[in-house]
Amino acid sequence: MDCFKWLHEQPICQGSIKANPQDFIVNEQLGFSFSGAGEHLMVKIRKTGENTKYVVNELAKACGVKSRDVSWAGLKDRHAVTEQWISVHLPGKADPDLSQFEAEHPGIEVLETTRHDKKLRPGDLQGNWFQLRLTDLDQPQALAERLELVKQQGVANYFGQQRFGHGGNNVIKARAWGNNEFRVRDKSKRSFYLSAARSWMFNQVLSARIEQNLTREIMLGDCLQAAGDDRTFIAETITPELQQQVMQGKVAITGPLLGDNALPTTADAQAFELAIVEQEPALVALVRDNRMRHDRRPLLLLPQNMQWQFDDNGVILSFALPAGSFATSVVRELIMPLESEGMNDENTDQQ
């Protein structure tokens with residue numbers, strides 16, 4: 001991640017995160033209520049030191065179903081204390097007794113169960129709430145100033161390092177696959193490599209726009225998105241009113257999640273994006289050969305309800321992020337890590 005530009009320049013405060021799983025708390029936000037009846041058992045779990053897929057497999061065994069009958073709205077980090085809902089398809093069956101499941105898995109707690117008429121899907125995730133503890137701070141006053149800046153102006157909406165794998169291995173593998181050096185048949189690996197390829201190119205475009213001070217400056221032909229609206233529109237002209245809306249956060253400039261169809265941007269913005277993604281011909285070929293659908297992602301990310309409190313052990317920080325965004329990208333703008341701390345081996349949410 002250090003190859004990508006910081007939105008507010010490199011932080012000067014050094015510190016640590018994730019000394020313990022309790023220093024990184026994640027609570028899922030679905031944004032809707034369950035019906036209370038239906039074929040799907042909804043299980044709210046709190047896990048510590050376990051990844052989502054392991055919990056899914058173990059819960060499937062406890063319920064007497066196959067893993068494919070269990071689903072979730074978002075993946076959650078292993079090195080954290082996380083709460084999320086998991087759905088189990090149990091048509092015509094009574095709710096199972098999960099007490100033995102809890103006894104056999106001390107890192108997993110069942111907090112609540114109910115029923116619903118639909119299974120959970122990745123698109124059901126609205127966002128996540130985070131509570132982090134940052135410790136070993138060498139310049140807390142500098143961090144306090146940076147916290148205020150991030151609260152007001154946000155951070156670069158980068159995909160986190162966990163998307164790319166240890167040492168960027170997912171991107172390396174994606175390039176090799178795109179160069180036809182090997183074939184990938186495993187469905188989960190295909191997904192990892194394709195996701196890494198698109199995410200890497202998005203980060204490259206975003207980093208280049210930061211370098212040229214273009215994260216809040218509209219380029220002719222930019223693909224824009226109004227706040228709270230998934231639809232996009234093209235900046236065919238740049239008016240003072242439109243530029244003001246971007247500066248106020250009412251409209252977002254977006255970057256590419258490359259697909260096999262043409263970029264929706266036009267004019268200067270399209271030329272800018274093409275010049276960057278075409279530096280990765282193997283990744284472009286991979287995405288297009290696999291018929292990925294083009295999508296867009298806002299360049300900037302503003303943490304919601306951001307609060308913090310300093311104490312003798314550092315600072316406790318909380319905020320909410322929409323689905324697909326990374327808490328690690330927020331922390332990256334706040335402190336320089338004292339050492340590699342295994343931030344996430346799994347997405348804190350699923351794009």
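P240 and E241 sit on the exposed side of helix α6 in this predicted model. They are a handy way into this part of the fold, so to speak, with the opposite side of the helix coming next.

Turn α6, which runs over residues 240–247, and you meet its buried residues: L242, Q243 and V246. Looking down the axis of α6, these buried residues fall within an arc of 100 degrees, so they line one face of the helix. P240 and E241 are on the other side from that face. What do the buried residues of α6 pack against? Their partners are three strands: β9 (223–226), β10 (232–234) and β11 (251–257). Follow the chain just past the end of α6 and you come to G249, where phi turns positive, at about 80 degrees.

Now for a pair of helices. α5 covers residues 187–211 and α7 covers residues 267–277, and the two pack with their axes 9 Å apart. The angle between them is about 125 degrees. Angles of 65 to 115 degrees count as roughly perpendicular and those over 145 as roughly antiparallel, so α5 is oblique to α7. As for handedness, α5 passes α7 in a right-handed crossing.

Which residues make this contact? From α5 come M201, Q204, V205, A208 and R209, and they meet F272, E273, I276 and V277 of α7. Sorted by character, the residues of the contact of α5 with α7 comprise six nonpolar, one polar and two charged. Q204 of α5 is among the residues in this contact, as are R209 of α5 and E273 of α7.

Each of these two helices also leads to a backbone detail worth a look. Beyond α5, in the loop between that helix and β9, you find N213. Its phi is positive, at about 55 degrees, although N213 is not a glycine. Is N213 buried or exposed? With a relative accessibility of 62%, it counts as exposed, because the cut-off for that label is over 50%.

Over in helix α7, look for A267. Here again is a residue other than glycine with a positive phi, this time near 50 degrees. The relative accessible area of A267 is 42%, so this residue is partly exposed. That label covers the range between the buried limit, under 20%, and the exposed limit, over 50%.

Note on methods: Residues numbered from 1 in each chain as written. Predicted model: local features only at pLDDT ≥ 70, side-chain atom pairs only at ≥ 80, totals over all residues. Heavy atoms only, no water. Buried < 20%, exposed > 50% of the residue type's maximum accessible area, 1.4 Å probe, protein only. Helix = DSSP H or I, 4+ residues; strand = E, 2+ residues; numbered from the N terminus. Arc of directions from axis to C-beta. Contact = heavy atoms within 4.5 Å. Axes fitted to C-alpha atoms, helices over the stretch in contact; angles between N-to-C directions. Parallel < 35°, antiparallel > 145°, perpendicular 65-115°, else oblique. Left-handed = near helix turned anticlockwise from the far one by under 90°. Nonpolar A, V, L, I, M, F, W, Y, C, P; charged D, E, K, R; others polar.
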